[in-house]
Amino acid sequence: MLNGLRQKAIVQPNGTVMVQSSELPLGATVEVIVLVETQPSEPLERSLKSLIGTGQGSFATHEEADRFIRRERDSWES
């Protein structure tokens with residue numbers, strides 16, 4: 001059976017990370033997984049307005065959308 005221990009640590013010189021816990025029995029074999037927190041390169045919060053026209057198949061302006069819809073409607077009547 002596996003039991004988990006979760007801690008945050010600060011990397012010391014030479015890349016050393018120390019984990020201490022009274023829950024770790026002396027002589028036990030453990031597996032250590034290190035996940036590094038990184039800062040996002042761009043802010044996560046963007047306005048909805050900034051997304052307009054950026055998705056595949058979307059229109060940058062309402063005029064573009066109107067032209068497309070009119071062409072589609074016209075094609076039905078032909």
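Is Val 32 buried or exposed? Val 32 counts as exposed, at 60% relative accessibility. The notes below concern a predicted model.

1. Val 32 and the surface patch. Val 32 sits in the segment before H1. Over 50% relative accessible area is the cut-off for exposed, and the 60% of Val 32 therefore places this residue in that class. Val 32 also belongs to a nonpolar surface patch of about 790 Å². The other members of the patch are Leu 5, Val 11, Val 17, Val 19, Leu 24, Val 30, Val 34 and Val 36.

2. The largest pocket. This pocket has a volume of about 1,200 Å³. Its lining is made by 25 residues, and those closest to the centre are Leu 5, Arg 6, Gln 7, Val 32 and Ile 33. Leu 5 and Val 32 are thus named twice in this note, as they are also among the residues of the nonpolar patch. By class, the lining holds 16 nonpolar residues, four polar ones and five charged ones.

3. The salt bridge. How many salt bridges does the model have? The count comes to one. In that salt bridge the side chains of Lys 8 and Glu 37 meet, with a distance of 2.5 Å from N to O. Both residues lie in the segment before helix H1 (62-77), so the pair ties together parts that are 29 residues apart in sequence. The general background is simple: side chains of opposite charge can pair when their charged atoms come close.

4. Exposure of the paired residues. Lys 8 counts as exposed, at 70% relative accessibility. Glu 37 is exposed too, with a relative accessible area of 64%. A reader looking for this salt bridge should therefore take both partners as exposed, each being over the 50% cut-off.

5. Asn 14. The backbone angle phi of Asn 14 is near 65 degrees, which is a positive value in a residue other than glycine. Most residues other than glycine have a negative phi. Asn 14 has its place in the segment before H1 and counts as exposed, at 83% relative accessibility.

6. His 62 and Asn 3. Where is His 62 found? His 62 is in helix H1. With a relative accessible area of 54%, His 62 is exposed. Between His 62 and Asn 3 there are 56 Å in space, taken from C-alpha to C-alpha. In sequence, His 62 and Asn 3 are 59 residues apart.

How values were computed: Residues numbered from 1 in each chain as written. Predicted model: local features only at pLDDT ≥ 70, side-chain atom pairs only at ≥ 80, totals over all residues. Heavy atoms only, no water. Salt bridge = Lys/Arg side-chain N within 4 Å of Asp/Glu carboxyl O. Helix = DSSP H or I, 4+ residues; strand = E, 2+ residues; numbered from the N terminus. Buried < 20%, exposed > 50% of the residue type's maximum accessible area, 1.4 Å probe, protein only. Patch = residues over 30% accessible without salt bridge, like charges linked within 9 Å, V, L, I, M, F, W, Y side chains within 5 Å. Areas by Shrake-Rupley, 256 points an atom, 1.4 Å probe, with all protein chains shown as cover. 1 Å grid on protein atoms, 1.4 Å probe; cavity = no way out; pocket = protein on both sides within 12 Å on 5 of 7 lines; lining within 4 Å. Points joined across faces, edges and corners; volume = space filled by probe spheres on them. Nonpolar A, V, L, I, M, F, W, Y, C, P; charged D, E, K, R; others polar.
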